[in-house]
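Student: I have a structure to go through and would like to take it step by step. Where should we begin?

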Amino acid sequence: NCVAETAVAKNKCLKESGALVPESFDQLYSLILNTFKEKVASGHWKIKPETSPPPIPVDYKYAREMGLIRKPSAFISTICDERGNEPTYSSHSISKILEQEHGIGVTIGLLWFQRLLSPQINRFLEMCIIILADHGPAVSGAHNTIVTARAGKDMLSSLCTGLLTIGDRFGGAISGAASQFWGAFCSKKLPADFVQEMRKKGELILGIGHMIKSVTNPDERVKK
């Protein structure tokens, strides 16, 4: 290397340019400290009061183990708001619903569809509940429909999940009846002949309704 590329030559150039250059690396600290004191004494620099550093947040895992915080709830309700003095169904308070003597149809409309439905639709919903109240939500079709709807799926998808559970253990009478009637139709049998044949075989003709129902003890819901 040439002389101009050495550290001594570079330090000499810095000094000639007005820079403060220590004689050695060990003197760098003293040079910085003395320069700082001179600037403060001459009034060029002003010492600002030191501020406390911001506190470091507690680690999430540690805070949870110590019981300082808890995981937020994963349950979210989009149909009922319980943050006020009383719950509201789609911005309608329960007291207002009771004061206006609304029925279960209006309540279902507010909870499920988040709006007031027409009187005809409300009456239809109430009629469905009255007719099917003895079945409850425990059967597989109703259970699957409820779970799918709770997962945020649309009404058509929820209904399909319930219908797809129809089989030997649920709704089997409907599938069996369709199979029997279709077989009789393909064989071109008259209804009377079909009934006589099933009677001779000692087999029940499946259909709509419970097995305890009969001609002498019909189910009024499907009689007509």
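Tutor: Begin with a term: a salt bridge is a side-chain nitrogen of Lys or Arg within 4 Å of a carboxyl oxygen of Asp or Glu. Keep in mind that this is a predicted model.

Student: How far apart, N to O, are the side chains of Glu197 and Lys189 in their salt bridge?

Tutor: The cut-off is within 4 Å. Glu197 and Lys189 meet in a salt bridge. The N to O distance is 2.2 Å.

Student: Which residue forms a salt bridge with Glu197 from within helix H10?

Tutor: Helix H10 covers residues 191–201. The partner lies 4 residues from Glu197, about one turn of the helix. The closest N and O atoms of this salt bridge are 3.2 Å apart, and the partner is Lys201.

Student: Which residues are linked in a network of salt bridges?

Tutor: Glu197 forms a salt bridge with Lys189, and Lys201 forms one with Glu197. The network therefore consists of residues linked by salt bridges as defined: Lys189, Glu197 and Lys201.

Student: Is Glu23 buried or exposed?

Tutor: Glu23 forms a salt bridge with Lys15, with the closest N and O atoms 3.0 Å apart. Exposed means over 50% relative accessible area. Glu23 has 61%, so Glu23 is exposed.

Student: How many salt bridges does the count come to?

Tutor: Among them are the bridge of Glu23 with Lys15 and the bridge of Glu197 with Lys189. The count comes to 3.

Student: What is the angle between the planes of Phe181 and Phe194 in their aromatic pair?

Tutor: The search of the whole structure finds 3 aromatic pairs. One of them is tilted, Phe36 with Trp45, at 45° between the planes. Phe181 and Phe194 form a pair that is edge-to-face, 6.0 Å centre to centre, and the angle between the planes is 70°.

Student: How many residues apart in sequence are the parts that this pair ties together?

Tutor: Phe181 lies in helix H9 (residues 172–186) and Phe194 in helix H10. The pair therefore ties together parts whose separation in sequence is 13 residues.

Student: Is Phe194 buried or exposed?

Tutor: Buried means under 20% relative accessible area. The value for Phe194 is 10%, so Phe194 is buried.

Student: In which part of the chain is confidence highest?

Tutor: The chain averages a pLDDT of 83. Confidence is lowest in strand E1, at a mean of 79. The highest mean is 91, in helix H8.

Notes:
Residues numbered from 1 in each chain as written. Predicted model: local features only at pLDDT ≥ 70, side-chain atom pairs only at ≥ 80, totals over all residues. Heavy atoms only, no water. pLDDT = per-residue confidence, 0-100. Helix = DSSP H or I, 4+ residues; strand = E, 2+ residues; numbered from the N terminus. Buried < 20%, exposed > 50% of the residue type's maximum accessible area, 1.4 Å probe, protein only. Phe/Tyr/Trp six-rings, centres within 6.5 Å; stacked < 30°, edge-to-face > 60°.
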